[in-house]
Amino acid sequence: MTIKGKAYIAGIYEHPTRKADGISLAQIHADVARGALADAGLSRDDVDGYFCAGDAPGLGPMSMVEYLGLKPRHVDSTETGGSSYVIHAAHAAEAIAAGKCKVALVTLAGKPRSGGAPPGGGRKPVDSPDHAFEAPFKPTVLNLYAICARRHMHEFGTTAEQLAWVKVAASQHAQHNPHAMLRDVVSVEQVVSSPIVADPLHRLDCCVISDGGGALVIVAPEIAATLKRPKVRIIGAGEAMKNVNGGLVDITYSGAVWSGPTAFAEAGVKPADIKYVSIYDSFTITVLMTLEDLGFCEKGKGGRFVADGNLISGVGKLPFNTDGGGLCNNHPGNRGGMTKVIEAVRQLRGEAHPAVQVKNCDLALAHGTGGFLGTRHGSATLIMERA
């Protein structure tokens with residue numbers, strides 16, 4: 001079974017808050033659910049499928065279905081960190097194609113900035129099978145990405161200045177987003193002169209930590225036909241897990257080398273056909289490696305590909321993260337896959353900010369990376385088209 005053309009993204013909503021004092025996680029889930037359903041022109045009573053990940057409080061879908069007042073006949077609580085919501089979009093399309101539901105709601109909420117878990121702190125390391133082997137070496141989120149950057153530099157000659165161009169592009173876009181946490185445009189020099197946090201990554205190579213959330217409403221074709229909003233069709237998806245393979249691992253590539261080709265094959269398109277990309281940007285190195293692994297440039301040439309403004313809308317040939325992404329806009333719950341899908345839908349609808357809207361944007365890709373680039377992570381790729 002293919003999901004190509006079997007489901008449409010009908011509703012999107014991104015919570016405007018970046019610091020959610022006085023708001024519970026459940027309330028944020030409810031706010032974004034209400035917003036996405038209103039955007040689609042549907043009601044809570046229309047929802048018959050619900051999707052959430054590990055950010056959902058309580059007993060996941062059991063708690064949230066009750067809190068939201070839903071009566072679904074299909075639920076999914078797949079957990080792959082920040083890539084979960086890209087996978088959920090695909091799983092919702094699969095469920096719709098299989099006749100399990102017709103209106104799927106996907107919600108995300110997180111509060112790491114106002115007192116929740118720090119990046120990587122939401123897991124229970126003592127319960128994981130890798131704990132006894134890796135914990136003595138004190139891995140952190142920062143150094144598990146920094147080792148990938150350092151290895152990429154060693155293997156391919158990638159430079160700190162090239163990585164900085166990813167942040168520069170994100171900042172060029174964020175200046176037009178009134179909700180973005182960091183709206184100041186930065187230069188390559190400012191990025192590389194910011195403090196080193198984990199060699200070779202600088203402070204400005206890292207994403208923001210924010211509260212917030214988002215939601216998607218994904219529907220069957222017959223439902224989409226009755227709605228007034230612009231239609232965005234899901235045409236391809238891929239998911240993959242990458243791990244350390246007992247220590248025999250090459251950290252110069254990510255799981256996108258498997259999820260990307262699967263998505264492109266199902267969609268029947270090539271990287272060169274894509275007009276806009278939303279790429280998970282936990283760190284600048286994440287973007288560079290992902291673009292290589294998805295086939296937008298050769299392995300090892302990502303540094304040259306992202307340099308000189310090539311990712312800036314209206315300037316470069318591959319606009320990315322036109323909302324400012326995780327590097328500048330937000331990273332709700334330390335899980336950025338949701339906002340990657342949301343901004344891709346905005347672009348396909350022609351509803352991005354006019355200063356960053358990609359002309360004739362009819363084909364877009366969203367990619368999520370969840371976990372740790374230097375060890376185990378989940379990769380998810382979603383390809384969408386304007387219907």
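In which loop is N334 found? Select N334 to open the tour: this residue of the predicted model is found in the loop between α12 (325–328) and α13.

**Backbone stops**

With N334 selected, inspect the backbone torsions. Phi of N334 is near 60°, a positive value in a residue that is not glycine. Most residues other than glycine have a negative phi, and most peptide bonds are trans. N334 has a relative accessibility of 16%, and therefore counts as buried.

Select N360 next, in the loop between α13 and β10 (363–371). N360 is likewise not a glycine, and has a positive phi of about 55°. Is N360 buried or exposed? At 61% relative accessibility, N360 counts as exposed. The two asparagines may thus be viewed in turn: N334 is buried, whereas N360 is exposed.

Now move to the peptide bond from D199 to P200. This bond is cis, with omega near 10°. P200 has its place in the loop between β5 (196–198) and β6 (201–202).

**Salt bridges**

Display the charged side chains. Side chains of opposite charge can pair when their charged atoms come close. How many salt bridges does the structure hold? The structure holds 23 salt bridges, and the pairs below are among them.

Select D39 and R349. Their side chains meet in a salt bridge, with an N to O distance of 2.9 Å. This pair links distant parts of the chain: D39 belongs to helix α1 (residues 25–40) and R349 to helix α13 (residues 337–349), with the two residues 310 apart. D39 is buried, and R349 is buried as well.

Continue to D48 and R73, which form a salt bridge whose closest N and O atoms are 3.1 Å apart. Here too the pair links distant parts of the chain, at 25 residues apart. D48 lies in the loop between α1 and β2 (49–51), and R73 in the loop between α2 (61–68) and β3 (74–76). D48 counts as buried because its relative accessibility is 13%.

Turn next to helix α5 (residues 141–156) and select R151 together with E155. The side chains of E155 and R151 meet in a salt bridge, at 2.7 Å from N to O. Why are the two residues separated by about one helical turn? Because E155 and R151 are four residues apart in helix α5. E155 is partly exposed, with 40% relative accessibility. R151 is partly exposed too, and its relative accessible area is 37%. For a network, select E14, R18, E343 and R346, which are joined into one by salt bridges that share partners.

**Cysteines**

The last stops concern sulfur atoms. The structure holds zero disulfides. Select C101 and C52: the closest cysteine sulfur to that of C101 is in C52, and it lies 14 Å away, so the distance is too far for a bond. The cut-off for a disulfide is a pair of cysteine sulfur atoms within 2.5 Å. C101 counts as buried, at 2% relative accessibility.

Finish with C361 and C297. Why is the sulfur of C361 too far from the closest cysteine sulfur for a bond? That closest sulfur is in C297, 20 Å from the sulfur of C361. C361 is buried, with a relative accessible area of 1%.

Definitions and conventions. Residues numbered from 1 in each chain as written. Predicted model: local features only at pLDDT ≥ 70, side-chain atom pairs only at ≥ 80, totals over all residues. Heavy atoms only, no water. Salt bridge = Lys/Arg side-chain N within 4 Å of Asp/Glu carboxyl O. Buried < 20%, exposed > 50% of the residue type's maximum accessible area, 1.4 Å probe, protein only.
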